[in-house]
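This report turns to the aromatic contacts and the covalent cross-links of one protein model. Please keep the sequence and the structure in view while reading.

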Amino acid sequence: MAATRPVSLLLSTVVVAGALTGCALQELARDCAGTDGRVKEMAGLDILASRPAGATVASGFEEVDAGCWADSGDVSVYASRTYAFPGTPAEVAAHYRTAAVRDGWRQDPEAASGDLCFVREGTVLRVVLLTAEGLAEDGHGSRPDLTTGAGYSVDVDTVVSPGTEAGC
């Protein structure tokens, strides 16, 4: 009888943990349910394909990274493109300041000074210069090669939860 008690306790714990985990996974899936069209729309935004002359899609980043994530009740849809550029970060910034405005984006007045962050219809556009350290932290090694020029990403995201506004 004494041997069955620890087994029963262990089985009870496994059943409860499984039920709780299953509920959490179902909740996550339910949060992003119905966002496939919005994800596709975000991945197709023209600004993701805009790049300064000489910029190339970075090795290992051939596809637009797009999807949906849910965290603390907020549901966001995002898309990102990563480039390698033989020029300077200032040239990257100049290109996107012009391209973003031409595409209907406006600089977010809430953005920190020097940040390349724009908004349009509840969507945020960020141009982020990449460092080898940052890429390594994200599990990408040192791609793109940052020993010459500038590696950068163009990221767009929007919060799709009701009553929540995206911003820089």
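## Aromatic pairs

In this model, which is predicted, a search of the whole structure finds two aromatic pairs. In one of them, the ring centres of tyrosine 96 and tyrosine 152 lie 5.5 Å apart and the ring planes meet at 65°, so the pair is classed as edge-to-face, given that planes over 60 degrees apart fall under that heading. The two partners come from distant parts of the chain, since tyrosine 96 belongs to helix H4 (residues 89–102) and tyrosine 152 to strand E7, with their positions 56 residues apart in sequence.

Tyrosine 96 and tyrosine 152 are both buried. Ring pairs also bring in Tyr83, which is linked with Tyr96 and Tyr152 into a cluster.

## Disulfide count and pairing

The search of the whole structure also finds two disulfides. A disulfide is a covalent bond between the sulfur atoms of two cysteines. When the bonded cysteines of the protein chain are numbered in sequence order, the pairing reads 1-2, 3-4.

## Cysteine 32 and cysteine 68

One disulfide joins cysteine 32 to cysteine 68, with an S to S distance of 2.2 Å. Cysteine 32 is part of helix H1 (residues 4–32), whereas cysteine 68 is part of strand E2 (residues 65–71), so this bond ties together parts of the chain that are 36 residues apart in sequence. The torsion about the S-S bond of this pair is about -80°, and the disulfide is therefore left-handed.

Are these two cysteines buried or exposed, in full or in part? Cysteine 32 has a relative accessible area of 15% and is buried, because buried means under 20%. Cysteine 68, at 21% relative accessibility, counts as partly exposed.

## Cysteine 117 and cysteine 168

The other disulfide is formed by cysteine 117 and cysteine 168, whose sulfur atoms are 1.7 Å apart. Cysteine 117 lies in strand E5 (residues 116–120), while cysteine 168 is found in the segment after strand E7 (150–159), so the bond ties together parts that are 51 residues apart in sequence. Strand E7 is also the element that holds tyrosine 152 of the edge-to-face pair.

The torsion about the S-S bond of cysteine 117 and cysteine 168 is about -95°, so this disulfide is left-handed. As for accessibility, cysteine 117 counts as buried, with a relative value of 3%, whereas cysteine 168 counts as partly exposed, with a relative value of 35%.

Definitions and conventions
Residues are numbered from 1 along each chain as its sequence is written. This is a predicted model: local features need pLDDT of at least 70, side-chain atom pairs count only at pLDDT 80 or more; totals for chains, interfaces and linings use all residues. Side-chain values use heavy atoms; hydrogens and water are left out. A disulfide is a pair of cysteine sulfur atoms within 2.5 Å. Helices (H or I, at least four residues) and strands (E, at least two) are DSSP runs, numbered from the N terminus. Buried means under 20% relative accessible area, exposed over 50%, partly exposed in between (1.4 Å probe, protein chains only). Rings of Phe, Tyr and Trp (its six-membered ring) pair if their centres lie within 6.5 Å; planes under 30 degrees apart count as stacked, over 60 as edge-to-face and the rest as tilted.
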